[in-house]
Amino acid sequence: MATSVSRNIALFEKCKNFTRAREAQAAGLYAYFIPIHESEDTTVKIGGKSKVMMGSNNYLGLTHHPKVLEAAAAALKKYGSGCTGSRFLNGTLDLHEQLELELAEFFNKEAGLIFSTGYQANLGVVSGLIGRGETVYLDKLDHASIVDGAKLSFGEAVRFKHGDLRGLDQKLADGDRGTGSLIIVDGVFSMEGDIADLPKLVPLAQKHGVALAVDDAHSLGVLGPTGAGTAEHFGLTSEVDLIVGTFSKSLASIGGYVVGDEYVIHYLKHNARPLIFTAALPASNTAGVLAALDIVRHEPERRAALWENTRRMQDGLRSLGYDIGLTETPIIPVLMGEMENTLVIWRKLFDAGIFTNPVVPPAVPPSQCRLRVSLMATHTAEQVDFALDQFARVGRELGVLA
Ligand SMILES: Cc1ncc(COP(=O)(O)O)c(C=O)c1O
């Protein structure tokens with residue numbers, strides 16, 4: 001058995017005093033790091049019991065698509081299990097370059113660059129571009145990876161209230177003209193499900209002469225006539241300078257990307273530390289993403305099914321009396337109020353066979369705790385209705401619904 005260190009180390013005092021998670025575990029209200037031991041797309045097995053997965057970002061249901069699995073297996077055999085080095089040195093594969101070309105083409109941009117995670121893509125783009133004396137403007141609800149990219153950069157970060165473009169306009173006007181600046185927003189906000197107002201952001205960026213980047217983590221495969229995300233949704237592809245995103249959602253794998261003008265991508269390739277100082281995306285993931293991208297292009301009916309499920313769930317929750325905020329997408333926040341209530345409802349739904357994600361402080365303010373539900377193209381109408389029935393039953397039992 002492992003032995004524990006008995007010395008008293010000041011640094012670790014906070015670890016001993018960190019009791020919040022253990023208290024929730026003892027109360028049976030701990031909703032994190034739950035091990036799944038089997039997965040079949042919309043159904044997972046946990047502790048021997050089946051649950052309908054309503055907390056995944058697998059929007060198009062491609063993690064189990066035979067073409068994705070076959071492509072990943074073939075690449076595993078051909079290239080081995082890992083790249084064992086940085087893209088910069090020994091870790092670049094022909095598959096990486098193929099994917100970069102295909103992404104650029106898909107998003108209608110000149111060039112692309114892939115990273116080992118979406119998190120690193122944002123770190124790399126923001127910290128790679130924003131140097132000393134330069135500024136990045138962030139929506140307060142931007143993803144943590146954008147915030148961390150700003151922290152890693154040598155420039156200044158200015159945050160504006162979620163969606164407050166008047167406030168942003170003022171902050172841009174107060175900023176130092178003549179130095180480089182970037183506005184970066186989530187295309188679809190990951191906790192609210194609302195869509196960035198690009199028709200207003202684009203003229204603002206143009207008026208102030210700053211670059212505009214959109215994180216399409218939750219929009220690729222979901223928004224736009226061909227699934228090419230938020231800019232395509234608004235018909236503003238050529239006005240958005242950089243599109244960043246991830247392979248860990250609609251593209252059913254792991255990894256991240258940025259697409260934009262060739263000279264910007266070339267610069268990032270040689271200056272983004274989260275690209276250079278880490279190992280490259282394994283061949284099996286890269287090949288799986290190539291196959292998934294092909295499916296996004298050729299099976300638009302999946303996007304249609306995703307939206308049908310989204311509407312069914314949104315309408316159902318609203319008619320039950322739940323507040324689902326301003327969502328416009330398959331990300332549905334079911335607003336519950338205080339943390340304890342939220343965790344109790346989460347647990348009751350979980351026991352009834354519905355997997356959702358509770359979102360509690362510090363991710364959201366204490367009074368705005370929520371269950372985050374997300375839909376997939378491959379959910380059946382029966383699964384959506386079953387989830388709605390459970391939401392109705394549990395809501396009434398706990399007095400959340402009339
Ligand atoms: C908006 C947004 N950007 C970036 C990321 C990071 O992506 P990844 O999980 O691929 O690192 C996420 C993932 O949660 C996200 O929601």
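This is a short dialogue on reading a ligand site and a pocket in a predicted model.

Me: What should I know before I start?

Reply: The model is predicted, so local features need pLDDT of at least 70, side-chain atom pairs count only at pLDDT 80 or more, and totals for chains, interfaces and linings use all residues. Residues are numbered from 1 along each chain as its sequence is written, and side-chain values use heavy atoms, with hydrogens and water left out.

Me: How many residues surround the ligand, and which are the closest?

Reply: A residue is near a molecule if one of its heavy atoms lies within 4 Å of it. Here 15 residues surround the ligand, and Tyr119, Asp215, His218, Thr246 and Lys249 are the closest.

Me: Which polar side-chain atom lies 3.0 Å from an oxygen atom of the ligand?

Reply: A polar contact with a ligand is a pair of N or O atoms within 3.5 Å. One of Lys249 lies at that 3.0 Å distance from a ligand oxygen. In the side chain of Asp215, an N or O atom is 2.6 Å from a nitrogen atom of the ligand. Gly118 uses a backbone N or O atom, 3.0 Å from a ligand oxygen.

Me: How much of the ligand's accessible area does the protein cover?

Reply: Accessible areas come from the Shrake-Rupley method with a 1.4 Å probe. The ligand on its own has 380 Å², and the protein covers 83% of that.

Me: Which helix gives the most to the shell around the ligand?

Reply: Helices are DSSP runs (H or I, at least four residues), numbered from the N terminus. Helix α5, residues 118–129, gives the most, with three residues.

Technical notes: Polar contact = N/O pair within 3.5 Å; in protein donor to acceptor, adjacent residues only side chain to side chain. Helix = DSSP H or I, 4+ residues; strand = E, 2+ residues; numbered from the N terminus.
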